[in-house]
Amino acid sequence: MPSPAPVPAPDIRVRRIYEAPSPDDGVRVLVDRLWPRGLAKTDAQVDEWPKALTPSTELRRWYHGAEGSYEEFCRRYEDELAEPAAAEALDGLRALVARGRVTLLTAAKDPSVSHTSVLERALTATGP
């Protein structure tokens with residue numbers, strides 16, 4: 001019996017929305033709750049904007065406040081991603097990733113310490 005074909009690794013990029021779109025971005029998904037300041041919607045070339053996947057306004061404000069830590073933010077955002085509307089949107093995004101490259105777009109100055117890193121981990125997780 002032949003061995004099963006290897007499953008390709010998810011092809012996910014994270015880029016700042018202010019960077020010029022690239023032909024090899026694949027599906028461009030804005031993962032911020034608010035539209036980025038100073039950017040025209042036509043210039044952004046966003047294909048999807050699943051607001052249900054974005055951190056709540058309360059969580060965003062807490063994280064950017066004096067008491068917010070990145071580790072606790074990650075935990076709280078993971079809890080939000082488990083809520084029904086977010087889980088459904090996450091499944092939809094996983095379906096896009098299964099079809100090919102997806103570029104997650106954010107206005108965050110440092111995406112490595114933003115919700116995008118949590119979202120990327122959630123998309124590449126292999127089990128519950």
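This section describes the packing of four helices and the lining of the largest pocket in a predicted model.

Packed helices are described here by two quantities, the angle between their axes and the distance between the axes. Helix 2, spanning residues 57-64, packs against helix 3, residues 70-81, at an angle of about 175°, and the two axes lie 10 Å apart. Because angles over 145 degrees count as roughly antiparallel, helix 2 is roughly antiparallel to helix 3. On the side of helix 2, the contact is made by Leu-59, Trp-62 and Tyr-63, which meet Tyr-70, Glu-72, Phe-73, Arg-76, Tyr-77 and Glu-80 of helix 3. By class, the residues of this contact comprise six nonpolar and three charged, with no polar residue.

Helix 3 also packs against helix 5, which covers residues 115-124; their axes come within 10 Å and cross at roughly 50°. This angle makes helix 3 oblique to helix 5, and the crossing is right-handed. From helix 3, the residues Tyr-70, Phe-73, Cys-74, Tyr-77, Glu-78 and Leu-81 take part, and their partners in helix 5 are His-115, Ser-117, Val-118, Leu-119, Arg-121 and Ala-122. Eight nonpolar, two polar and two charged residues make up the contact of helix 3 with helix 5. Tyr-70, Phe-73 and Tyr-77 of helix 3 thus appear in the contact with helix 2 and again in the contact with helix 5.

A further contact of helix 5 is with helix 4, residues 84-99, where the axes come within 10 Å and cross at roughly 70°. Helix 4 is therefore roughly perpendicular to helix 5. The crossing of this pair is right-handed. Leu-90, Leu-93, Arg-94 and Val-97 in helix 4 are in contact with Leu-119, Ala-122 and Leu-123 in helix 5. The residues of the contact of helix 4 with helix 5 divide into six nonpolar and one charged, and none is polar. Within helix 5, Leu-119 and Ala-122 belong to the contact with helix 4 and also to the contact with helix 3.

Empty space in the model was examined in terms of its largest pocket, whose volume is about 580 Å³. The lining of this pocket consists of 21 residues, and those nearest its centre are Asp-32, Arg-60, His-64, Ala-107 and Ala-108. Helix 2 contributes the largest share of the lining, three residues. Ten of the lining residues are nonpolar, four are polar and seven are charged. Helix 2 therefore both packs roughly antiparallel to helix 3 and supplies residues to the lining of the largest pocket.

Notes
Residues are numbered from 1 along each chain as its sequence is written. This is a predicted model: local features need pLDDT of at least 70, side-chain atom pairs count only at pLDDT 80 or more; totals for chains, interfaces and linings use all residues. Side-chain values use heavy atoms; hydrogens and water are left out. Axes are lines fitted to C-alpha atoms, for helices over the stretch in contact, and angles run from 0 to 180 degrees between N-to-C directions. Helices (H or I, at least four residues) and strands (E, at least two) are DSSP runs, numbered from the N terminus. Angles under 35 degrees count as roughly parallel, over 145 as roughly antiparallel, 65 to 115 as roughly perpendicular and the rest as oblique. Contact means heavy atoms within 4.5 Å. Ala, Val, Leu, Ile, Met, Phe, Trp, Tyr, Cys and Pro count as nonpolar, Asp, Glu, Lys and Arg as charged, and the others, Gly among them, as polar. On a 1 Å grid over the protein atoms alone, a cavity is a set of points where a 1.4 Å probe fits but cannot get out, and a pocket is an open set with protein on both sides within 12 Å along at least five of seven lines; lining residues have an atom within 4 Å of a point. Grid points are joined across faces, edges and corners, and a volume is the space filled by probe spheres set on the points. A crossing is left-handed if the near helix is turned anticlockwise from the far one by less than a right angle, and right-handed if clockwise.
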